[in-house]
Amino acid sequence: KAEGLDHIDFLKIDVEGFELGVIRGARELLGARRVGLILLEIGDVTCATAGVEPIELLTELESLGYRLHSISPDGEIADRIRSFPATTFSANFLATHFTR
């Protein structure tokens, strides 16, 4: 708001497990669809450090009109993420708008 920006095309969130706090802090901005794409790293260990379950990130983003996608090793946007693996993981994901 302070900078007078109408829209952010691309937002990278890299805060070592505290992504949920950033997303919740930007609810108004994200809910108004003023951010086009969001790149964020999600890892079970960093989320645990912040006291967050990775699924909470998925749920929060979906409540704001975003779908989370994995990124293939080739850099392609892959399938929509609906859950996270039970094993240890850390990866980059892309959140995109969807039509409600």
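**Reading a hairpin, a core and a patch**

Modeller: In the hairpin of β3 and β4, Gly-75 takes a positive phi near 90°. Five residues lie between the two strands. Keep in mind that this is a predicted model.

Biologist: In which sense do β3 and β4 pair, and over how many bridges?

Modeller: Strand pairing is read from bridges; at least two are needed. Here β3 (residues 66–71) and β4 (residues 77–80) pair in the antiparallel sense over two bridges. Ile-71 stands opposite Ile-77 in β4. His-69 stands opposite Arg-80 in β4.

Biologist: What is the bridge partner of His-69 in β5?

Modeller: Leu-94 is that partner. So His-69 has Arg-80 opposite in β4 and Leu-94 as its bridge partner in β5. The pairing of β3 and β5 is also antiparallel. This pairing runs over five bridges.

Biologist: Now the interior. Which residues of the largest nonpolar core touch the most other members?

Modeller: A core is read as buried nonpolar residues joined through their side chains. The largest one here has 22 residues. Ile-38, Ile-42 and Leu-68 touch the most other members. Two or more residues each come from α1 (19–25), β2 (35–43), α4 (54–63), β3 and β5 (90–97). The biggest contribution is from β2, with four residues.

Biologist: What does Ile-38 touch, beyond residues up to four places away in sequence?

Modeller: Its list is Leu-11, Ile-13, Leu-30, Leu-61, Tyr-66, Phe-93, Leu-94 and Ala-95. Leu-94 is also the bridge partner of His-69.

Biologist: Take Ile-13 from that list. Is Ile-13 buried or exposed?

Modeller: The cut-off for buried is under 20% relative accessible area. Ile-13 has 5% relative accessibility, so Ile-13 counts as buried. Ile-13 sits in strand β1 (residues 8–13).

Biologist: Which residues does Ile-13 contact, leaving aside neighbours within four places in sequence?

Modeller: Glu-19, Val-22, Ile-23, Ile-38, Leu-39, Leu-40 and Glu-41. For a sense of distance, take Thr-96: the two are 83 residues apart in sequence. From C-alpha to C-alpha, Ile-13 and Thr-96 are 14 Å apart in space.

Biologist: Val-22 is one of those contacts. Where does Val-22 lie?

Modeller: Val-22 lies in helix α1. Partly exposed means between the cut-offs of 20% and 50%. With a relative accessible area of 35%, Val-22 is therefore partly exposed.

Biologist: Which residues form a nonpolar patch with Val-22 on the surface?

Modeller: Val-15 and Phe-18 join Val-22 there. Together the three have about 230 Å² of accessible area. So Val-22, at 35%, is partly exposed, while its contact Ile-13 is buried.

Terms used:
Residues numbered from 1 in each chain as written. Predicted model: local features only at pLDDT ≥ 70, side-chain atom pairs only at ≥ 80, totals over all residues. Heavy atoms only, no water. Buried < 20%, exposed > 50% of the residue type's maximum accessible area, 1.4 Å probe, protein only. Contact = heavy atoms within 4.5 Å. Core = buried A, V, L, I, M, F, W, Y, C linked by side-chain atoms within 4.5 Å. Patch = residues over 30% accessible without salt bridge, like charges linked within 9 Å, V, L, I, M, F, W, Y side chains within 5 Å. Areas by Shrake-Rupley, 256 points an atom, 1.4 Å probe, with all protein chains shown as cover. Salt bridge = Lys/Arg side-chain N within 4 Å of Asp/Glu carboxyl O.
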